[in-house]
Amino acid sequence: MALLEVREVTVEYRRPRRPPVRAVAGVDLGVDRGQIVGLVGESGCGKSTLARAIVGLLPCASGSVTLDGRAVRPLGRGARPVADRSLQMIFQDPYASLNPRRRVWRQLADGVPRDDRRDARDRSAELLTAVGLSPDAGDRYPHEFSGGQRQRIAIARALAAEPSVIVADEAVSALDASTQAQVANLLVDLARGRGLGLLFISHDLSVVRHMADSVSVMYLGRIVESAPTGALWSQPLHPYSEALIQAVPGLGPGAQPPTGLPGEVGDPARPPAGCRFHPRCPYSHERCLVEDPAAVTIVPRRRAACWLQPAGGPPRPLDEVAPAEVSS
Ligand code: SF4
């Protein structure tokens, strides 16, 4: 069992006098110690909702989250989310998650476990050093720092709780390119050096490719493919993964010109019948319009939810799918 296990998690948003919107629909995910798992997909696919459900900021309608074998979210409808120190989250906007009126060292000290007997100022200095800031930075206020430095402070605050898993939701997306790379490298070093599990959520595939050991691809509330990072990039098995990779300049196999993704992410309040991706899928065929494929294991460590990929394999390279199978 992985350090963090997410099993069949479903998250719904209630609406007055209308059926709830199922933003996350039965997601499975695992993160091990020292492992970086990327979660990618377009805006609106449910990534952030899933992240918030995992850390307890949103209730799950069903499913479970276990951490080191301990159930942290056996949540039913109406159950109250409970925060768990071992599971920390880093948000896109660090300024919004820091108190502008409190000195940094005090905010870091708030996160330190109560049984930690070290001096709070010393502990804050250690945490700031760990994220590449001067220990003196603790005496300043959040507005005195740049965006990248504030994100480092947010990372230090997450580390203060001595978590075993960090969920980073678009944690580098608001930073300029060079700061992005520095903060991404810091997260990689912390995960490897401290044996932390890191669930790194991003719409930016080039960052995820650089950081993650494995990647899960999310579309309209479901994980449609999960695979080791290198395998996913060299041979995506789900048409949505292929389209995402091809849409990024210079990332596709052979660095072909980006083709762009057709259409838009569907509405989770009215998901299409059959395969949720079929209105945008260039490989869609009759069965896809009426039957929703379940995620199955194609080969060890590779799963996909697509009728083109049979359970147990062998994997079918998408560029070898016969034209007769592809309808408009
Ligand atoms: Fe495309 Fe059909 Fe596969 Fe869905 S099941 S991704 S529509 S080929």
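**View 1. Helix α5 and its buried residues.** In this predicted model, the buried residues of α5 are G148, R150, Q151, R152, I153, A154, I155, A156, A158, L159 and A160. Here, buried stands for under 20% relative accessible area, exposed for over 50%, and partly exposed for anything in between, using a 1.4 Å probe and protein chains only. Because 11 of the 14 residues of α5 are buried, the rest of the structure largely encloses this helix. Helix α5 covers residues 147–160 and reaches 20 Å from its first C-alpha to its last, close to the 20 Å expected at 1.5 Å a residue. That expected span is 1.5 Å times one less than the number of residues in the helix. Helices (H or I, at least four residues) and strands (E, at least two) are DSSP runs, numbered from the N terminus.

A quick note for all the views: residues are numbered from 1 along each chain as its sequence is written. The model is predicted, so local features need pLDDT of at least 70 and side-chain atom pairs count only at pLDDT 80 or more, while totals for chains, interfaces and linings use all residues; side-chain values use heavy atoms, with hydrogens and water left out.

**View 2. The second largest pocket, where α5 meets β6.** Stay with α5 for a moment, as β6 (87–90) and α5 are the elements that give two or more residues to the lining of the second largest pocket. A pocket is found on a 1 Å grid over the protein atoms alone, as an open set of points with protein on both sides within 12 Å along at least five of seven lines; a cavity is a set where a 1.4 Å probe fits but cannot get out, and lining residues have an atom within 4 Å of a point. This pocket holds about 310 Å³ of space, where grid points are joined across faces, edges and corners and a volume is the space filled by probe spheres set on the points. Its lining has 14 residues, and L87, Q88, M89, F91 and R157 lie nearest the centre. β6 gives the most to this lining, with four residues. By class, the lining has nine nonpolar, two polar and three charged residues. Ala, Val, Leu, Ile, Met, Phe, Trp, Tyr, Cys and Pro count as nonpolar, Asp, Glu, Lys and Arg as charged, and the others, Gly among them, as polar.

**View 3. The largest pocket and its strands.** The largest pocket contains about 750 Å³ of space. Two or more lining residues come from each of β1 (4–15), β2 (18–31), β9 (214–219), β10 (222–228) and β12 (302–304). Of the 38 residues in the lining, D28, S216, I223, S226 and R303 lie nearest the centre. The classes here are 19 nonpolar, seven polar and 12 charged.

**View 4. The ligand in the largest cavity.** Which cavity does the ligand take up? The ligand occupies the largest cavity, in the sense that more than half of its atoms lie within 2 Å of the grid points. Around the ligand are H238, P239, C275, H278, C281, Y283, S284, C288, P293, C306, W307 and L308, each with a heavy atom within 4 Å of it. This shell divides into nine nonpolar, three polar and no charged residues. The largest cavity has a volume of about 80 Å³. Among its 13 lining residues, P239, C275, C281, C288 and C306 lie nearest the centre. The lining divides into 10 nonpolar, three polar and no charged residues.

**View 5. The second largest cavity, beside α6 and β8.** The count comes to two cavities of 30 Å³ or more, and the second largest has about 40 Å³ of space. I166, L187, L190, A191, L196, G197 and L198 line it. Helix α6 (177–194) and strand β8 (197–202) each supply at least two residues of this lining, with the largest share, three residues, coming from α6. The lining has six nonpolar, one polar and no charged residues.

**View 6. Backbone details in two loops and one segment.** R17, in the loop between β1 and β2, has a positive phi of about 60 degrees although it is not a glycine. R17 counts as exposed, at 82% relative accessibility. D68 sits in the loop between β4 (62–67) and β5 (70–71); this residue is not a glycine either, yet has a positive phi of about 55 degrees. At 52% relative accessibility, D68 counts as exposed. In the segment after β12 lies P314, and a cis peptide bond with omega of about 0 degrees joins G313 and P314.
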